[in-house]
Amino acid sequence: KKTMSIADFDNAPIEWKWSGTRVVVMRGVPGSGKSTTASKYASKALEHNVMFEGRAIVVSADKFFCDPETLGDYNWDGKHIKCAHQMCKHQFMQALRDKTWLIIVDNTNTQRWEYRFYCDQAEKFGAELQVLEVTCGSHPALALAKFHLRQKHGVPLEKIIEMEGRWEDDNRAIKIRPWFE
């Protein structure tokens, strides 16, 4: 579809042609900037559409591992990954039922099956679907090293490389180059 820099994406106007819910599925390896992009997208949407009164949500499996009392301490435990994704799906479905106008799914989503549920449910509820990929750009090895240094979750570089290695392209996606390109 379309490829742009993160700066261009941040500065691009959000088109408001839909009259119902918009579901945005974020894709990217840890440290790529997908959570930052998701947060900026939601903020920009709220700034330009005050009539929606804050009806936007970012759902993420990562939130399961964040300490609610410290609002950010991250304690990942692989034994609970299934519960984390179930929580994310539950929050997503609640947002669809509540007719939340902007729902952003912020998970790595390296393979299409990982986010198929969100796409299928968006279609079932008549929501507009947008897929945003934060890519490795033109220098994947450099990007993965930078992503590893930037990410906050302690994911080993080898695991990030493995995640990138199983990446499946999605022709619907808007591709966003990393911040350093």
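## Close-ups of a predicted model

Let's start small: glutamine 151 has 12% relative accessibility, under the 20% limit, so this residue counts as buried. Everything in these legends comes from a predicted model.

**View 1. Glutamine 151 sits in a loop between two helices.** The loop in question joins α5 (140-150) and α6 (157-165), and glutamine 151 is part of it. What does the side chain of glutamine 151 reach at 2.8 Å? That would be the backbone oxygen of valine 155. There is another backbone oxygen to look for as well: the one of histidine 148 lies 3.3 Å from a polar atom of the glutamine 151 side chain. Leaving aside residues up to four places away in sequence, glutamine 151 touches Pro30, Gly31 and Ile160. So if you click on this one residue, you can find both its polar partners, histidine 148 and valine 155, and its contacts from other parts of the sequence.

**View 2. Zooming out: the whole chain at a glance.** Take a step back and count the pieces: the protein chain has 6 helices and 6 strands. Reading from the N terminus, they come in the order β-α-β-α-β-α-β-α-β-α-α-β. The chain has 181 residues, and buried ones make up 42% of them. Now think about who touches whom: among contacts with a separation of 6 or more, 80% are between residues 24 or more positions apart. As for the outside, the accessible surface comes to about 10100 Å², and carbon and sulfur atoms account for 53% of that.

**View 3. Six strands line up in one open sheet.** In which order do the strands sit in the sheet? Going across, you pass β1-β6-β5-β2-β4-β3, and the pairing is parallel. The edges are β1 (2-5) and β3 (56-59), each of which pairs on one side only. Ignoring direction, neighbouring strands are turned by 20° against each other on average. A helix also packs on this sheet: α4 (residues 112-124) touches β2, β4 (102-106) and β5, and its direction makes about 165° with that of β2.

**View 4. Strand β4 is buried along its length.** Why is β4 described as largely enclosed by the rest of the structure? Because 5 of its 5 residues are buried. Look at where the side chains go: Leu102, Ile104 and Asp106 point one way, Ile103 and Val105 point the other way, and all are buried. Strand β4 has a parallel neighbour in β2, joined to it by 5 bridges. In that pairing, methionine 26 has aspartate 106 in β4 as its bridge partner. Strand β3 also runs parallel to β4, with 4 bridges between them. Here you can spot valine 59 standing opposite valine 105 in β4.

**View 5. Charged side chains join up across strands.** Side chains of opposite charge can pair when their charged atoms come close. The model has 8 salt bridges in total, and this view picks out a network that links Arg27, Glu133, Asp169 and Lys175. Start with arginine 27 and glutamate 133, whose side chains meet in a salt bridge at 2.6 Å, N to O. These two come from distant parts of the chain, 106 residues apart: arginine 27 is in strand β2 (residues 22-27) and glutamate 133 is in strand β5 (residues 128-134). Is arginine 27 buried or exposed? It counts as buried, because its relative accessibility is 0%. Glutamate 133 is at 1%, so it counts as buried too.

**View 6. The network carries on through lysine 175.** Glutamate 133 has another salt-bridge partner in lysine 175, with the closest N and O atoms 3.0 Å apart. Again the pair links distant parts of the chain, since lysine 175 is in strand β6 (residues 174-177), 42 residues from glutamate 133 in β5. Strands β5 and β6 pair in the parallel sense over 3 bridges, and in β6 the bridge partner of glutamate 133 is lysine 175. Lysine 175 also forms a salt bridge with aspartate 169, where the closest N and O atoms are 2.7 Å apart. How do these two compare for burial? Lysine 175 counts as buried because its relative accessibility is 16%, whereas aspartate 169, at 40%, counts as partly exposed.

Note on methods:
Residues are numbered from 1 along each chain as its sequence is written. This is a predicted model: local features need pLDDT of at least 70, side-chain atom pairs count only at pLDDT 80 or more; totals for chains, interfaces and linings use all residues. Side-chain values use heavy atoms; hydrogens and water are left out. A salt bridge is a side-chain nitrogen of Lys or Arg within 4 Å of a carboxyl oxygen of Asp or Glu. Buried means under 20% relative accessible area, exposed over 50%, partly exposed in between (1.4 Å probe, protein chains only). Contact means heavy atoms within 4.5 Å. Accessible areas come from the Shrake-Rupley method with a 1.4 Å probe; for residues, only the protein chains shown count as cover. Two strands pair if DSSP finds at least two bridges between them. Axes are lines fitted to C-alpha atoms, for helices over the stretch in contact, and angles run from 0 to 180 degrees between N-to-C directions. A polar contact is a pair of N or O atoms within 3.5 Å; within protein, one must be able to donate a hydrogen and the other to accept it, and residues adjacent in sequence count only if both atoms are side-chain atoms.
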